[in-house]
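This report describes selected residue contacts, nonpolar packing and domain arrangement. The structure is shown first.

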Amino acid sequence: MEALAEIRGLTKVYGNTLAVNNLNLVIPRGRIIGLLGPNGSGKTTLIKMINGLLTPTAGQILINGFAPGPETKARIAYLPERTYLQSGMKVSDLVDFFRDFYADFNRDKAFTMLSALNIPFTAQLKTLSKGTKEKVQLILVMSRDADLFILDEPIAGVDPAARDYILKTIITNYNENASILLSTHLISDIENILDEVIFIREGQVLTHMPVDQIREQYGQSVDAYFRGVFAC
Amino acid sequence: MLKKLFKYEWKHFWKIPASINIFLGIITFIGVISLASPFWSLDLAGIDIMLGLSIFFYVLAIAAGSIAVTVCVAVRYYKNVYTDEGYLTNTLPVTARQIVISKLSVGILWSIITGAVVCISVMSLIYTAMLSYEDVDIIYELLHEFPEILIAFEEEMGISLPLFLFICLIQLLLNNTFSILKIYTAIALGQLFARHKVAGAIIWYIGEYVVFEIITSFMQRVPSMFNIFSPFAFSTGYYYYDSVGDYLVPSMLGSIAFSLIFSGALYFLTEHMLKNRLNLD
């Protein structure tokens, strides 16, 4: 099957800092992939370039054969690590906003998830806690039928009880041709749902392999293997 | 998509500029009530100073209101495109052109609405003052002598009043567009700074302002330069014209051409920066 995304020679330089260094990566379809690495390894920079929020210094990104632009944005559901919603809006306004702009947005799915997490539709965003805002954001993103879901720290700001629901939501809300690229530091919480992992260090891919292979080859969990590889 | 962007831009932005315009309306209403009352005719000590202060604060409020709307347009663009909200704006399946045009259109609309409110405010006060203290009804006189005014205007200006007003409208529209695009471009170029991007945008804006002021003052002298029969024209920029219209109409058309050319340049620079040089923190 054709790869979902292909990244070739991707480089990003900030002043004198090399954030991503000639990175090559192929993202297959139908996989949940953990994008893992220590702080400052280039994970968020890579994610932002895939989403067209950062301009690469060099290299090429192709998603479904297109460079980042309106065509790829229509097929990528992106959850950034920060709150990007306008605080003056109501939850129901946000649902309408997503429905208006994303053809693959499922309004019913969004309302079902909002109800399950007891988030009132009529609540103004500014009245919600930071964790609840993050849940709203995740629900909006996961209510799409996108080809690629990119989730940057999706569970970092929510309580453990909600984490289980979110992880269940992630697993059950994507189709077999779609992939999920999930960046987090909470490896032990998510490793059971991962198919593959990508380890990033100093802006380069260190390892890209199936989770089963780590367990079989090294006899370790992903969390333990990560701690071994990136030991300080 | 442009229609949807415009719809949401209007929906998310209207409250603040509308509040500012309501504030201007309230100030105008108070001014009209005050001028219609006999208060200012009373023989009170210091009433001239009070009148002077009232006019000063009125002018200040009107100027502050107009500037506040422009600042709101700038803040809205910066916040919605280049801060956290930009993570959503720039991941919508729309083009950079659609983003800029939708925000620019709403910004221009509010600038024009505010300009109209300011005009109505000033005219209302002048009308009330003339009626109360000079016993002159300007509107009645204007309507009563309208055919004569039309003829006199055309004789003096060399152009009909409706055509002149149309040129004024185009000029107003383009000047507003140009003003907003100067801000958008400065914000976009401010992103080239690694840190202190807002300060960078302000520096770019000052730079743009100085450059365009130099170009404008040079262009104002151009008509005089072509007057080879006037020995003082080049050095003083002063020239006797047959009528006001001989100078004013070409100046307005020149201003339109200036705004059109530079607005186009600034627009493409703004779009280029958003499309090809976006680097969100």
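In this predicted model, I33(A) touches a set of residues beyond those up to four places away in sequence: I27(A), the run S179(A), I180(A), L181(A) and L182(A), and a further group made up of L194(A), D195(A), E196(A), V197(A) and I198(A).

I33(A) also belongs to the largest nonpolar core, which holds 105 residues. Together with L148(A), F149(A), I150(A), I180(A), V197(A) and I187(B), I33(A) is among the residues that touch the most other members of that core. Two of these, I180(A) and V197(A), appear in the contact list of I33(A) as well. In chain B, helix α8, spanning residues 161-190, gives the most to this core, contributing 9 residues. Both domain 1 (1-135) and domain 2 (145-281) of chain B are represented in this core, with at least three residues from each. As a general tendency, nonpolar side chains in soluble globular proteins are buried together.

The two domains of chain B also touch each other, as follows.

| Domain of chain B | Bounds | Residues in the contact |
|---|---|---|
| Domain 1 of chain B | 1-135 | 20 residues |
| Domain 2 of chain B | 145-281 | 15 residues |

Taken over C-alpha atoms, the centres of domain 1 and domain 2 of chain B are separated by 22 Å. On the side of domain 1 of chain B that touches domain 2 of chain B, at least two residues come from each of α3 (47-82), α4 (86-89) and α5 (96-134) of chain B. The largest share of that side is supplied by α5(B), with 10 residues. By residue type, that side of domain 1 of chain B comprises 13 nonpolar, 6 polar and 1 charged.

Terms used:
Residues are numbered from 1 along each chain as its sequence is written. Chains are lettered from A and ligands numbered from 1 in the order in which they are written. This is a predicted model: local features need pLDDT of at least 70, side-chain atom pairs count only at pLDDT 80 or more; totals for chains, interfaces and linings use all residues. Domain bounds come from an automatic or database domain assignment. Two residues are in contact if their C-beta atoms, placed from the backbone, lie within 7 Å. Helices (H or I, at least four residues) and strands (E, at least two) are DSSP runs, numbered from the N terminus. Ala, Val, Leu, Ile, Met, Phe, Trp, Tyr, Cys and Pro count as nonpolar, Asp, Glu, Lys and Arg as charged, and the others, Gly among them, as polar. A nonpolar core is a set of buried Ala, Val, Leu, Ile, Met, Phe, Trp, Tyr and Cys residues joined through C-beta atoms within 7 Å. A residue is buried if 20 or more other C-beta atoms lie within 10 Å of its own, exposed if 12 or fewer, and partly exposed in between; C-beta atoms are placed from the backbone.
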